[in-house]
Amino acid sequence: MHRFVLLFGCFCIPTAIAQQASAGNPMLLDTTHPSVYLQYDHEAERTPEHAGEGKEGLWLRIHNNTRGAVCIRTQSLYVGSKIAPLTLLSGKHVLGIRDGIEIAPLFSVEQEHETGFDRLPLTWNGDVSAVSWIPSGGTVLMSLPKDDLAKGRRVALPFSYEWESEGDGIAHEAFFYDREVPPPHGGTASAVSPVALPILQGAALPVYPPIGRAASVTGKVIVEITVAGGKVTSTDVKSGARMLVGGTVANLQTWRFASDVDGKFTVTYTYAIAGGETDSPVNPTVEMLPSLDVNITARPVKPVVMYSAQGVPATDTLAHESGHVDPPKPQ
């Protein structure tokens, strides 16, 4: 039986996937949003923090949409008026960041390519970082050079929940994509803007098709779905590797929207194999985006060397060899 790491109720995925949270989810404060998510706040001139950064800045707001505190790593330790005492579920006393404070978290910028995202050397990564806590329902600000979020890029913010032991190997990331930045004043919003798309109400857990994973097949599967009365009534595969298409279509047929949703939408499933090798297959990381796109990343499995049993000579061979025994040695 396969084991899955679940976050939201009994069916969710260890990254930003709030679109699949059910209305009765006890962990989320607002079931229309992910547990932790990044949201566009504003743009302005920004004082460069590191060499080579531009002055045009972009501010994002980090939301903790859970009923517990979340932990992030920051470049600085915050004290004084920026923090307030906070007691975790375990009874441990920590300092929580006050609502609305601007912080400098450790994050990454990643560039999309054909098989997934690659991390870029654009952000600061020091040898020392501080542990900072965002209380339940809290929001804080972060900024970055606007040029860092060029076309096809995303911000990845690592975090952990207060009920997870530090160093236990569990890792989560909240993402913000370049296409979520509003167009310039007077511009026209993209036709694929997440705001214009319906919210997915329910779906089965997407998986990496076993045959495709075993053959290390990666890439994108693009499908146009037709939705009527909130249900997917047909799928039209536009492109994708044959070993990945079947599982993609099967998962899309489990999607459910609100009953008043009708129309056609294009969905992209991106399958990637990345990270360190494992001795045996582990559950892939699945991320569902507000754009209705899905990213599924599996870790590679170490090759298994098979040793065959040493062959036993046939009976006639043994009989034949018995006639070639060494002669007795002279006494």
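Two strands count as paired if DSSP finds at least two bridges between them. Strands (E, at least two residues) and helices (H or I, at least four) are DSSP runs, numbered from the N terminus. This is a predicted model, in which local features need a pLDDT of at least 70 and side-chain atom pairs count only at pLDDT 80 or more, while totals for chains, interfaces and linings use all residues. Residues are numbered from 1 along each chain as its sequence is written, and side-chain values use heavy atoms, with hydrogens and water left out.

A good place to start is strand β10, residues 153-161. Along its partner β11 (residues 172-177), β10 runs antiparallel, and 6 bridges hold the pair together. Here Leu157 sits opposite Ala174 of β11. Strand β6 (residues 108-113) also pairs with β10 in the antiparallel sense, this time over 4 bridges, and Gln111 faces Arg153 of β10. Then there is β3 (residues 70-74), joined to β10 by 2 bridges, again antiparallel; in this pairing Val70 is opposite Tyr161. As for cover, 7 of the 9 residues of β10 are buried, where buried means under 20% relative accessible area, exposed means over 50%, and partly exposed is anything in between (1.4 Å probe, protein chains only).

Strand β6 has another partner to mention. With β7 (residues 116-120), β6 pairs in the antiparallel sense over 5 bridges, and the two make a hairpin with 2 residues between them. Within that hairpin, Glu112 has Phe117 of β7 as its bridge partner.

Next comes an open sheet of 3 strands, in the order β1-β2-β9 with antiparallel pairing. Its edges are β1 (36-45) and β9 (139-145), each of which pairs on one side only. On average, neighbouring strands here are turned by 25 degrees against each other, direction ignored; such angles run from 0 to 180 degrees between N-to-C directions, with axes taken as lines fitted to C-alpha atoms, for helices over the stretch in contact. Strand β2 (residues 56-64) is tied to β9 by 7 bridges, the two running antiparallel, and Gly57 has Pro145 of β9 as its bridge partner.

What about the inside? A nonpolar core is a set of buried Ala, Val, Leu, Ile, Met, Phe, Trp, Tyr and Cys residues joined through side-chain atoms within 4.5 Å. The largest one has 29 residues, of which Leu38, Leu60, Ile62, Ile103 and Val155 touch the most other members. Two or more residues each come from β1, β2, β3, β9, β10 and β11, and β10 gives the largest share, 4 residues. Leu60 shows how these pieces meet: leaving aside neighbours within four places in sequence, Leu60 is in contact (heavy atoms within 4.5 Å) with residues including Leu38, Tyr40, Val140, Leu144, Val155 and Phe176. Another core lies apart from the largest one; it has 27 residues, among them Leu197, Ala203, Val245 and Tyr269.

Further along the chain, an open sheet of 5 strands takes the order β13-β12-β14-β16-β15, and its pairing is mixed. Strands β13 (231-239) and β15 (285-288) are at the edges with a single partner strand each, so one side of each is left without a neighbour in the sheet. Neighbouring strands of this sheet are turned by 20 degrees against each other on average, direction ignored. Strands β12 (residues 219-228) and β13 run antiparallel and are joined by 7 bridges; one of the residues involved, Ile225, has Thr235 of β13 as its bridge partner. Helix α2 (residues 242-252) lies across β12, β13 and β14 (263-273), and runs at about 30 degrees to β12.

Two loop residues round off the picture. Ser216 is not a glycine, yet has a positive phi of about 55 degrees. This residue belongs to the loop between α1 (210-214) and β12, and is exposed, with a relative accessible area of 51%. Leu292 has a positive phi too, near 75 degrees, and is likewise a residue other than glycine. The loop between β15 and β16 (294-298) is where Leu292 is found, and at 1% relative accessibility Leu292 counts as buried.
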